[in-house]
Amino acid sequence: MFVRRPLPLFVLAAGLLAGGALQAQETVEVGNALPSVGAVKEGLFPEDACEQLVAAGFKCMGFKPAVRFSLPALAFKVGSAEIPDGLRKQLDVFAEALATKRGSGKTVRIEGHADASGASEANQALSQKRAEEVKHYLVAKGAEDGMLVAVGLGASEPKVKSDPFAAENRRVEIGRQAPP
């Protein structure tokens, strides 16, 4: 079961102003659930439903915005970029969904995050390595390399703001990238 949490208004505004960042999106907490390929495609590429309507001769009046997937809390061990088995199973679903979008020109951003249990520079490097490991895994499973952007954010955006050392802060988030 996914839990959708809307982003605070200031985060939405910041997302709209920050070039290249994730589009302002609500967050879907994947947790330990295994999402369906359809749910991932619908979340990352909601405009596809509109395109299908137009192709069938109907008028599309709009579509819901893309979502950001937060994969799962407690995914990474402290100081590690190794992808745990549970996360690999979830990423297999994302790879299958992304493989259907090869050549589409769409861009998906993979954000790596760290908790605050290390030096700022080390956390930045570790979060970048986490994002890159996820990208490499997805590409090896059929996603298009050119559509994926791996970005490390260090400990700058904790999920649990009240505890910057919380394990939930060690995560990867996947969502659509805003056009530059």
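In the predicted model described here, helices H4 and H5 are oblique to each other. This reading follows from the geometry of the two axes, which come within 9 Å and cross at roughly 60°, an angle that falls outside the range of 65 to 115 degrees counted as roughly perpendicular and is not under 35 degrees, the limit for roughly parallel. Helix H4 comprises residues 85-99, helix H5 comprises residues 120-140, and the crossing that they form is right-handed. Helix H4 also packs against helix H2 (residues 37-44), at an angle of about 60° and with the axes 9 Å apart. H2 and H4 are therefore likewise oblique to each other, and H2 passes H4 in a right-handed crossing.

These helices belong to a chain of 180 residues, of which 46% count as buried. The chain holds 5 helices and 6 strands, and its elements, read from the N terminus on, follow the order β-α-β-α-α-β-α-β-α-β-β.

Among the strands, E3 (residues 67-71) has 5 of its 5 residues buried, so this strand is largely enclosed by the rest of the structure. In general, the side chains of a regular strand alternate between the two faces of the sheet. In E3 both faces are covered, since Val67, Phe69 and Leu71 on one side and Arg68 and Ser70 on the other are all buried. Strand E3 has pairing partners in two strands, E2 and E6. With strand E2 (residues 26-29), the pairing is in the parallel sense and extends over 4 bridges, and within it Val28 stands opposite Phe69 of E3. With strand E6 (residues 172-176), by contrast, E3 runs antiparallel and is joined by 3 bridges, Leu71 of E3 standing opposite Val172 of E6.

Phe69 also takes part in a contact between rings. A search of the whole structure finds 1 aromatic pair. The two rings, those of Phe69 and Phe94, have their centres 5.1 Å apart and their planes at 85°, so the pair is classed as edge-to-face, the cut-off for that class being an angle over 60 degrees. The pair links distant parts of the chain, because Phe69 lies in strand E3 whereas Phe94 lies in helix H4, with these positions 25 residues apart in the numbering. Both Phe69 and Phe94 are buried. A contact of another kind is found at Phe45, where the charged end of Lys101 sits over the ring at 5.1 Å from its centre.

A further pair of strands is formed by E4 (residues 108-112) and E5 (residues 148-152), which run parallel and are joined by 5 bridges. Strand E4 is mostly covered, with 5 of its 5 residues buried: Val108, Ile110 and Gly112 point one way from the strand, Arg109 and Glu111 point the other way, and all of them are buried. Strand E5 is also mostly covered, 4 of its 5 residues being buried. Individual bridges show how the two strands are aligned, for the bridge partner of Arg109 in E5 is Val149, and Glu111 stands opposite Val151 in E5.

Two further residues, one in a loop and one in a helix, can be considered in the same terms. His113 has its place in the loop between E4 and H5. At 1% relative accessibility, His113 counts as buried, because the limit for that class is under 20%. His113 and Gln124 are 11 residues apart in sequence, and their C-alpha atoms are 8.1 Å apart in space. Glu96, in turn, lies in helix H4, and at 49% relative accessibility Glu96 counts as partly exposed, since a residue is counted as exposed when its value is over 50%. Although Glu96 and Ala143 are separated by 47 residues in sequence, the distance between them in space is 7.4 Å, C-alpha to C-alpha.

Technical notes: Residues are numbered from 1 along each chain as its sequence is written. This is a predicted model: local features need pLDDT of at least 70, side-chain atom pairs count only at pLDDT 80 or more; totals for chains, interfaces and linings use all residues. Side-chain values use heavy atoms; hydrogens and water are left out. Buried means under 20% relative accessible area, exposed over 50%, partly exposed in between (1.4 Å probe, protein chains only). Two strands pair if DSSP finds at least two bridges between them. Rings of Phe, Tyr and Trp (its six-membered ring) pair if their centres lie within 6.5 Å; planes under 30 degrees apart count as stacked, over 60 as edge-to-face and the rest as tilted. A charge sits over a ring if NZ of Lys or CZ of Arg is within 6 Å of the ring centre and within 35 degrees of the ring normal. Axes are lines fitted to C-alpha atoms, for helices over the stretch in contact, and angles run from 0 to 180 degrees between N-to-C directions. Angles under 35 degrees count as roughly parallel, over 145 as roughly antiparallel, 65 to 115 as roughly perpendicular and the rest as oblique. A crossing is left-handed if the near helix is turned anticlockwise from the far one by less than a right angle, and right-handed if clockwise.
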